[in-house]
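Trainee: I'd like to go over one part of this model slowly, with the rest of the fold as background. Could you take me through it once the structure is up?

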Amino acid sequence: MQRSGGSTARGLLAAACSAVLAVAALAGCSGGSGTNNAGADSKQAGSTASVSAAPPGKYRVLPEPCGSVGQNTLKALLPESSDYAGQATLTFDTDRRVGCNWSGKTDRGTRNLSIDIERAVSYDPTVSDEDEARQQYDKEAVAAGLPASSPSASSSATASPTASASASASLSAAATASTSVSTSASDSAAPAPRVLSGLGNSAFLNDVLTTKDSGVHRDVTVVFRKANVLVTLVFSQWSTDNSVTPGSQELQDGARKAAGEIAGQFS
């Protein structure tokens, strides 16, 4: 009986040891699987972290808007204005967007000059601020009836001396006879929108003539992009005399001159 009991004890001990070894083996397999998963997760995290963020925009601050256009230019464009200091546009964040408005009368109507300067900021880490500004410019161009940015729409950030001299000469002529309004056939309709060269990285001009309601007015809009900044300028003339059409060339030359001075604020 004693031998039989000893054999039984030894059998139970052997079974217990086998069970412990089996559990240890399973634990070892499970632990190995967890280690492999952790390694995979680590690789995946490393892959995600390796995606580099787009660089920030070149310009981080905006110029003082009402000081972006020179006094001599304002006096030429708005010869009878009572306030060349301008009225700043109310915005929620002047680090992101600023603007200014000026107005003045002529013997043929009222003129208004307004500018809007916006610094584009991308909230997508894979899209740069400059790309965001380019996309906004493209939307404006397409809305005006022009194609999106293309090689023909890109130009040097500095206007050529010939173009600058031509614009200055036209502006001087406009200042000499600032209240005159052309009624030629070329001014009776708005020219087609067109791409401008020598102004920022991309630029276009849109000339819209409106003859309905109680008067006639012409709005010349210049939009240009300088790196991550988008500028919109509108130079308008309103006349209550429907028989007189505000001159197109004079307003276009004035708008381009003012836009060039604003572009000069970004070195």
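In the hairpin of strand 4 and strand 5, which residue takes a positive phi, and how many residues lie between the strands?

Mentor: Keep in mind that we're looking at a predicted model. The residue you want is Gly198: its phi is positive, near 75 degrees, and the hairpin has six residues between strand 4 and strand 5.

Let's look at the two strands themselves. Strand 4 and strand 5, the latter covering residues 202-210, pair in the antiparallel sense, and two bridges hold that pairing. On the strand 4 side, Arg194 has Leu205 of strand 5 as its bridge partner, while Val195 stands opposite Phe204, again in strand 5.

Now step back to the sheet. Seven strands make up an open sheet with antiparallel pairing, and the order across it is 1-2-3-7-6-5-4. Strand 4 (194-195) is at one edge and strand 1 (87-88) is at the other; each has a single partner strand, so one side of each has no neighbour in the sheet. As for what joins such strands, pairing in a sheet goes through backbone hydrogen bonds, and it can be parallel or antiparallel.

Strand 5 also has a partner on its other flank, strand 6. Nine bridges join strand 5 to strand 6, and the two run antiparallel. One of the bridge pairs is Ser202 with Arg225 of strand 6. The hairpin of strand 5 and strand 6 has five residues between the strands, and there Asp213 takes the positive phi, near 65 degrees. Move along to the loop between strand 6 and strand 7 and you come to Ala227. Ala227 isn't a glycine, yet its phi is positive too, at about 55 degrees. With a relative accessible area of 7%, Ala227 is buried, because the cut-off for buried is under 20%.

How covered is strand 5? Eight of its nine residues are buried, so strand 5 is largely enclosed by the rest of the structure. Two helices are worth following here. Helix 5 (residues 248-263) lies across strand 3, strand 4, strand 5, strand 6 and strand 7, and runs at about 30 degrees to strand 6. To place the other helix, go back to the pairing of strand 4 with strand 5, antiparallel over two bridges. Helix 3 (residues 129-143) packs on the sheet and touches strand 3 (109-119), strand 5, strand 6 (216-226) and strand 7 (229-239), with its direction at about 155 degrees to that of strand 6.

Leading into helix 3 there's Ser128, in the loop that comes after strand 3. Ser128 counts as buried at 11% relative accessibility, and its side chain reaches the backbone nitrogen of Asp131 at 3.0 Å. If you set aside neighbours within four places in sequence, Ser128 is in contact with Ala54, Pro55 and Ser122.

Those contacts bring us to the loop between helix 1 and helix 2, where Ser52 is found. Ser52 counts as exposed, at 61% relative accessibility. From Ser52 to Pro125 is 73 residues in sequence and 8.1 Å in space, C-alpha to C-alpha.

The structure also holds two aromatic pairs. In one of them, the ring centres of Tyr59 and Phe266 are 5.1 Å apart and the planes stand at 70 degrees, so this pair is edge-to-face. Tyr59 sits in the loop between helix 1 (2-49) and helix 2 (71-77) and Phe266 in the segment after helix 5, which makes the pair a link between distant parts of the chain, 207 residues apart. Tyr59 and Phe266 are both buried.

To put your hairpin in the whole chain: there are five helices and seven strands, and from the N terminus on they run α-α-β-β-β-α-α-β-β-β-β-α. Of the contacts with a separation of 6 or more, 65% are between residues 24 or more positions apart. Across the 267 residues, 37% count as buried. The accessible surface comes to about 14,500 Å², and 56% of that belongs to carbon and sulfur atoms.

Note on methods: Residues are numbered from 1 along each chain as its sequence is written. This is a predicted model: local features need pLDDT of at least 70, side-chain atom pairs count only at pLDDT 80 or more; totals for chains, interfaces and linings use all residues. Side-chain values use heavy atoms; hydrogens and water are left out. Helices (H or I, at least four residues) and strands (E, at least two) are DSSP runs, numbered from the N terminus. Buried means under 20% relative accessible area, exposed over 50%, partly exposed in between (1.4 Å probe, protein chains only). Contact means heavy atoms within 4.5 Å. Accessible areas come from the Shrake-Rupley method with a 1.4 Å probe; for residues, only the protein chains shown count as cover. Two strands pair if DSSP finds at least two bridges between them. Axes are lines fitted to C-alpha atoms, for helices over the stretch in contact, and angles run from 0 to 180 degrees between N-to-C directions. A polar contact is a pair of N or O atoms within 3.5 Å; within protein, one must be able to donate a hydrogen and the other to accept it, and residues adjacent in sequence count only if both atoms are side-chain atoms. Rings of Phe, Tyr and Trp (its six-membered ring) pair if their centres lie within 6.5 Å; planes under 30 degrees apart count as stacked, over 60 as edge-to-face and the rest as tilted.
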